[in-house]
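Me: I am new to this structure and would like a close look at a single part of it. Could you pick one stretch, walk me through it, and then show me how the rest is laid out around it?

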Amino acid sequence: AYVSNGGSNTVTVLDLVYLRQDRTLQVGQEPSGLAVNPRRNEVYVVNTQAGAQSGSVSVIDASANRVAATIPVHRLPYMIAVDPSGQRAYVPNSGSNTVSVLDLESRRQIAVAGTGEQPGIARVSPDNRTLVVTNRGSSSVSLFAIAPADAPASEPALRLRAAFPGCPGATDAVILPDSSKAFIACSAGHQVMAISLAAAPGSWAARQNPAQMTDHLLTLLDVGLTPVHLSMKPDGGEIFVSNFDSDSISEIATWTNEVGGTYTVVNKPVSGVVSRDNGDLWISNFGADSISLYSIDDGRVTASVHTGSQPDALAFSADEHLLLVADSRSGDVAVVRTQSKDGPALFTMLPAGSKPNAIVIKAINPKAK
């Protein structure tokens, strides 16, 4: 596991076999977002570097656990998205209202596209045709067409395809597994925006319904106050919204674009993750120093586990027997056993750095680069 520590300019590497800290890597200033490459043994950390200077992305060689390269981007980047092929990555630069396109093979920035104001999150559709960027400052969403890998050099890597206003404080976003819709959390209000993504020309969806040929707004869904995070079931059937200021989660049915209900949890839910079998939602309660287990089938919280102070980011181990929780205030990672005869329980606490804010899991592929 890799944990970015925004307050100590480091990434902590955790050994999940022996459950111990493996090493600490020095990266750039104020590391924030993390992403893994699905094809290469690499992990990427965004170095925000507040101020007039530009940020960067550190490339971590996950097989050797060392920083292999640093790629300059633009001002105030926070997050990074890697495409399904593992060839390109996209970094929104909130201080320059742009998104950087990175070639991960050559480890360099190859293009820059303009966005709305203060872009924060980028998501690549599973079919690798669309990049969704949320713009917190302009309360909007930008949709870009991604050039195919075999496109001529004259074709831009990103082309703005559509923009949608009316999402106050646009932050988190998810895209359905079939690449048909995107859902965006409007965190300065109490809504989630649903957008239909343009189908590929000549596809079955485009032939069945001409309206699917273009991107269009579907609806704005009322949820709780300050929706900050969206957790999607692996099958894409439902999305769970963490409503930070109403101590609740909202359940969205993605097929009908309807809110099925809003349910009270503990205190300041800030993040969530759904199990592979689509049955359990784990929620980090930022204000209660705990995580909650919400049974999706039963529609209720069934267990709670104490963690460190101000738990935030969550990540499963590969077999989902462990849940790792980054505790942003106490500077550690709570390791929770998800399956035992007495229910979920805290197994151990592992040290991290100051202000851990993201965590990812990377399985090493011995045949990859």
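**A close look at strand S22 and its surroundings**

Reply: Happy to. Let us start at a turn: in the hairpin of S21 and S22, where four residues sit between the strands, Asp 247 takes a positive phi near 50°. Please keep in mind throughout that this is a predicted model.

From that turn, we can look at the two strands on either side of it. Strand S21 covers residues 238–243, and six bridges join it to S22, with the two running antiparallel. One pairing to find on screen is that of Asn 243, whose bridge partner in S22 is Ser 248.

Now follow S22 along to its other neighbour. Strand S23 takes in residues 258–264, and six bridges join S22 to it, again in an antiparallel arrangement. Here Glu 251 is a good marker, as its bridge partner in S23 is Gly 261. S22 and S23 also form a hairpin, with four residues between them, and in that turn Asn 257 has a positive phi of about 55°.

Is S22 enclosed or not? Strand S22 spans residues 248–253, and five of its six residues are buried, so the strand is largely enclosed by the rest of the structure.

Stepping back along the chain, the loop between strand S20 (227–232) and S21 holds Lys 233. This lysine counts as buried because its relative accessible area is 12%, which falls under the 20% cut-off. Apart from neighbours within four places in sequence, Lys 233 is in contact with Glu 238, Phe 240, Val 274, Asn 278 and Ile 296. Of these contacts, Glu 238 and Phe 240 bring us back to S21, the strand of residues 238–243.

Going the other way, past S23, we come to Gly 287, in the loop between strand S25 (280–285) and strand S26 (290–295). Gly 287 counts as partly exposed, because its relative accessibility is 41%. Leaving out neighbours within four places in sequence, Gly 287 is in contact with Asn 267 and Lys 268. For a sense of distance, Gly 287 and Gln 26 are 261 residues apart in sequence, and their C-alpha atoms are 30 Å apart in space.

Next, a look at the interior. The largest nonpolar core has 15 residues, and those touching the most other members are Val 132, Val 141, Leu 143, Ile 184, Met 193 and Ile 195. At least two residues of this core come from each of strand S14 (140–146), strand S15 (158–165), strand S16 (170–175), strand S17 (181–186) and strand S18 (191–196). Met 193 is a handy guide here: beyond its neighbours within four places in sequence, its contacts include Val 141, Phe 164, Ala 182, Ile 184 and Leu 217. Both Cys 167 and Cys 186 are also among the contacts of Met 193.

Those two cysteines deserve a stop of their own. A disulfide joins Cys 167 to Cys 186, with an S to S distance of 2.0 Å. Cys 167 lies in the loop between S15 and S16 while Cys 186 belongs to strand S17, so the link ties together parts that are 19 residues apart in sequence. The angle about the S-S bond is -110°, and the link is left-handed. Both Cys 167 and Cys 186 are buried. A search of the whole structure finds one disulfide.

Elsewhere, there is an open sheet of four strands in the order S8-S9-S10-S11, with antiparallel pairing. Its edges are strand S8 (81–82) and strand S11 (108–114), each of which pairs on one side only. S8 pairs with strand S9 (residues 88–93) over two bridges in the antiparallel sense, and Ala 81 stands opposite Tyr 90 in S9.

Finally, here is the setting for all these parts. The protein chain has one helix and 32 strands. Along the principal axes, its C-alpha atoms fill a box of roughly 55 × 45 × 40 Å. The radius of gyration is 20 Å, which agrees with the value near 21 Å for a compact globule of 369 residues. Buried residues make up 55% of the 369. Among contacts with a separation of 6 or more, 42% are between residues 24 or more positions apart. The accessible surface comes to about 15,200 Å², and carbon and sulfur atoms account for 49% of that surface.

Key: Residues numbered from 1 in each chain as written. Predicted model: local features only at pLDDT ≥ 70, side-chain atom pairs only at ≥ 80, totals over all residues. Heavy atoms only, no water. Core = buried A, V, L, I, M, F, W, Y, C linked by side-chain atoms within 4.5 Å. Buried < 20%, exposed > 50% of the residue type's maximum accessible area, 1.4 Å probe, protein only. Contact = heavy atoms within 4.5 Å. Disulfide = S-S within 2.5 Å. Rg over C-alpha atoms; globule rule 2.2 N^0.38 Å. Areas by Shrake-Rupley, 256 points an atom, 1.4 Å probe, with all protein chains shown as cover. Pairing = 2+ DSSP bridges.
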